[in-house]
Amino acid sequence: DRSAPAGRRKGNDMGRIVVLGGTGEMGRRVAARLTAGGHEVLTASRSTGVDVVSGSGLDEALSGADTVLDCLNLQTMSRRRAVGFFRGSAAAVTAAAQRAGVGHLVCLSIVNVTDPAVRRATGYYAGKAAQEETYLASGTPVTVVRTTAWFTLAETFLTQARVGRVAVVPRLLLRPVHPDAAAEALVAAVDEGPPPEGAPARWELGGPEVHDAAELARRVAAVRHPGVRVAAVPVPLRRLREGLLPGDEVPTDGRRFADWLGPSA
């Protein structure tokens, strides 16, 4: 396992990079940075004619690719939907990558998501854990980049479970990280290239401060969504309440939530 990149290559040395989910929140950030660094980048998503669930356009997108970066996402709390989507899409991508001769797969994941208690907590985490397992069993060199929740999750909480003007948010302890830091880690994983001898590599990254998820949502609501009220829901089991906190060995990015939220906070 690796906790941080050891070095970088120049963009032109890396060949063609396909960013799956390239029009989503993280995919856009990563694709822009890769392009600025001199890489040849193809952003692939349903809006560009690539559907990893049906397989439509996938072989064409991966043809000639040297690296595939998976930033696919599905917002759901259903275990069945999450596991079906993430496991199925990872299986489709690995099969297409092998047909295309892709030399490196990079998968965006979540710190502690394979912990049994965390995996049981919600369907989404179960889906991401299944995604990791599928990539790691593929036989293609894989780098898994696990980050803690991004600051932008506080915005998501305000719309994910809403009753009128009330957002229901669990009282989870998080050490969230700036989304730019997550994007930079993914770019570094691409630049580093496939892990030696094909063994999977795992990089991790967290933020500098521990926060309560409900309090983060309240702070964002106060600044950006006045009138939205946050109802904090206790999480009964400590292992679930604290399960997404990274260990002390996980590297930390120093950018703080208050700076991301802005001076009006």
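N112 counts as partly exposed, because its relative accessibility is 23%. N112 sits in the loop between strand 4 (104-110) and helix 4, and its phi is near 70°, a positive value in a residue other than glycine. The model is a predicted one. The points below cover two helix pairs, the salt bridges, and two further residues, V145 and L237.

**Helix 1 and helix 7**

- Two packed helices are described by the angle between their axes and the distance between the axes.
- Helix 1 (residues 25-36) and helix 7 (residues 179-192) have axes that come within 9 Å and cross at roughly 55°.
- Helix 1 is therefore oblique to helix 7, an angle being called oblique when it falls outside the ranges for roughly parallel, roughly antiparallel and roughly perpendicular.
- The crossing of helix 1 past helix 7 is right-handed.
- On the helix 1 side the contact involves E25, M26, R29, V30, R33 and L34, and on the helix 7 side P179, D180, A182, A183, E184, L186, V187 and V190.
- Sorted by class, the residues of this contact are nine nonpolar, no polar and five charged.
- R29, R33 and D180, which belong to this contact, are also linked in a network of salt bridges.

**Helix 6 and helix 8**

- The axes of helix 6 (residues 153-160) and helix 8 (residues 213-224) cross at roughly 85° and come within 8 Å.
- Helix 6 is therefore roughly perpendicular to helix 8, the range for that term being 65 to 115 degrees.
- Helix 6 contributes A154, E155, F157 and L158 to the contact, and helix 8 contributes A213, L216, A217, V220, A221 and R224.
- The contact of helix 6 with helix 8 holds eight nonpolar residues, two charged residues and no polar ones.

**Salt bridges**

- Side chains of opposite charge can pair when their charged atoms come close.
- The model has 14 salt bridges, counted where a side-chain nitrogen of Lys or Arg is within 4 Å of a carboxyl oxygen of Asp or Glu.
- R119 and E133 form a salt bridge in which the closest N and O atoms are 2.6 Å apart.
- This pair links distant parts of the chain, with R119 in helix 4 (residues 116-121) and E133 in helix 5 (residues 123-136), 14 residues apart.
- R119 counts as partly exposed because its relative accessibility is 24%, and E133 counts as partly exposed because its value is 38%.
- D212 and R171 meet through their side chains in a salt bridge, at 3.2 Å from N to O.
- D212 lies in strand 10 (residues 211-212) and R171 in the loop between strand 7 (166-170) and strand 8 (173-174), so this salt bridge ties together parts that are 41 residues apart in sequence.
- D212 counts as buried at 15% relative accessibility, since buried means under 20%.
- R171, at 37% relative accessibility, counts as partly exposed.
- R256 and D259 also meet in a side-chain salt bridge, at 3.1 Å from N to O.
- R256 counts as partly exposed at 35% relative accessibility, whereas D259 counts as exposed at 52%, the cut-off for exposed being over 50%.

**V145 in strand 5**

- V145 is placed in strand 5 (residues 142-147).
- V145 is buried because its relative accessible area is 1%.
- Leaving aside neighbours within four places in sequence, V145 is in contact with V106, C107, L108, S109, A185, L186, A189 and W203.
- V145 and L186 are 41 residues apart in sequence, and their C-alpha atoms are 6.6 Å apart in space.
- L186, one of the contacts of V145, is also one of the helix 7 residues that meet helix 1.

**L237 in a loop**

- L237 is located in the loop between strand 11 (229-233) and helix 9 (238-241).
- L237 counts as exposed because its relative accessibility is 52%.
- L237 and P176 are 20 Å apart in space, C-alpha to C-alpha, and 61 residues apart in sequence.

Methods:
Residues are numbered from 1 along each chain as its sequence is written. This is a predicted model: local features need pLDDT of at least 70, side-chain atom pairs count only at pLDDT 80 or more; totals for chains, interfaces and linings use all residues. Side-chain values use heavy atoms; hydrogens and water are left out. Axes are lines fitted to C-alpha atoms, for helices over the stretch in contact, and angles run from 0 to 180 degrees between N-to-C directions. Helices (H or I, at least four residues) and strands (E, at least two) are DSSP runs, numbered from the N terminus. Angles under 35 degrees count as roughly parallel, over 145 as roughly antiparallel, 65 to 115 as roughly perpendicular and the rest as oblique. Contact means heavy atoms within 4.5 Å. Ala, Val, Leu, Ile, Met, Phe, Trp, Tyr, Cys and Pro count as nonpolar, Asp, Glu, Lys and Arg as charged, and the others, Gly among them, as polar. Buried means under 20% relative accessible area, exposed over 50%, partly exposed in between (1.4 Å probe, protein chains only). A crossing is left-handed if the near helix is turned anticlockwise from the far one by less than a right angle, and right-handed if clockwise.
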